[in-house]
Amino acid sequence: MSTALDLVQNVYRAFAKGDIPSVLGALAPNIRWTEAEGGPYGGVFVGPDAVLENVFMKIGGEWDDFTAVPHEFITEGSTVVALGEYSAVYKATGKSFKAPFAHVWKFEDGKAVSFQQYTDTAVHQRPLQ
């Protein structure tokens, strides 16, 4: 059985390769995915289909070279905090950004049931202008 840390590291590896089906496969059917309020995709999305439609498809359609690279993981039982950095180029303006993030993941029965994003949303919004 994989640990919560193994599971979340696999998610970031899959995301880095563009393997979105594997990322979605790590999510519980009732995952509660929270993007930071004030960010381009701020809100709460329930279920993998909602995450795909409201987050991943928008990222893929609106950004070039989008990365979310974790540099450190902190674990406590079934909770994993990933600390890292986003970077991307907004297609419509050609402007880029880099911003730190903290992601809080919670796992039950080998699936992510909760994701909470913390980041500087003002930095995310600058390339859109």
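Okay, let's start at D65, which sits in strand 3, the stretch covering residues 63-76. Keep in mind that what you have on screen is a predicted model. What's odd about D65 is its backbone: phi is near 55°, so we have a positive value in a residue that isn't glycine. Is D65 buried or exposed? Its relative accessibility is 62%, and exposed means over 50%, so D65 counts as exposed.

There's another aspartate to put beside that one. D109 isn't a glycine either, and its phi is positive too, at about 50°. Where does D109 sit? This one is in the loop between strand 5, residues 96-108, and strand 6. D109 has a relative accessible area of 77%, so it goes down as exposed.

Right, let me zoom out. The chain has four helices and six strands. If you walk along the sequence, the order is α-α-β-β-α-β-β-β-β-α. For the overall dimensions, the C-alpha trace spans about 45 × 30 × 25 Å along its principal axes. How does the radius of gyration look for 129 residues? A compact globule of that length would come in near 14 Å, and the chain has 14 Å, so the two agree.

On packing, 43% of the 129 residues are buried. Take the contacts with a separation of 6 or more: 49% of them join residues 24 or more positions apart. As for the surface, the chain exposes about 6,900 Å², with carbon and sulfur atoms supplying 51% of that. And for anyone thinking about electrostatics, there are 10 positive and 15 negative side chains, with the centres of the two sets 4 Å apart.

Now for strand 1, residues 27-35, which has two pairings to show you. With strand 6, residues 111-119, strand 1 pairs in the parallel sense, over four bridges. With strand 2, residues 43-46, the pairing is antiparallel, again over four bridges.

T34 is a good place to see both pairings. This threonine is in strand 1, and it stands opposite Q116 in strand 6. Over in strand 2, the bridge partner of T34 is V44. Leaving aside neighbours within four places in sequence, T34 is in contact with G43, V44, F115, Q116 and Q117. Its relative accessible area is 14%, and the buried cut-off is under 20%, so T34 is buried.

Move along to E35, also in strand 1. In a regular strand, side chains alternate between the two faces of the sheet. What does E35 touch, once you skip residues up to four places away in sequence? The list is Y41, G42, G43, F45, V55, F115 and Q117. This glutamate has 10% relative accessibility, so it counts as buried. Here's a distance to go with that: E35 and Q116 are 81 residues apart along the chain, yet their C-alpha atoms are separated by 6.5 Å.

Last stop, T121. You'll find this threonine in helix 4, residues 121-125. Not counting residues up to four places away in sequence, T121 touches A36, E37, G38 and G39. With 17% relative accessibility, T121 counts as buried.

So, to recap the residues: T34, at 14%, is buried, and E35, at 10%, is buried as well. D65 and D109 are the exposed ones I showed you, each with that positive phi. Okay, that's my bit, over to you.

Definitions and conventions. Residues are numbered from 1 along each chain as its sequence is written. This is a predicted model: local features need pLDDT of at least 70, side-chain atom pairs count only at pLDDT 80 or more; totals for chains, interfaces and linings use all residues. Side-chain values use heavy atoms; hydrogens and water are left out. The radius of gyration is taken over C-alpha atoms; the globule rule is 2.2 Å times the number of residues to the power 0.38. Buried means under 20% relative accessible area, exposed over 50%, partly exposed in between (1.4 Å probe, protein chains only). Contact means heavy atoms within 4.5 Å. Accessible areas come from the Shrake-Rupley method with a 1.4 Å probe; for residues, only the protein chains shown count as cover. Lys and Arg count as positive and Asp and Glu as negative; His and the chain ends are not counted. The place of a charge is taken as NZ of Lys, CZ of Arg, CG of Asp or CD of Glu. Two strands pair if DSSP finds at least two bridges between them.
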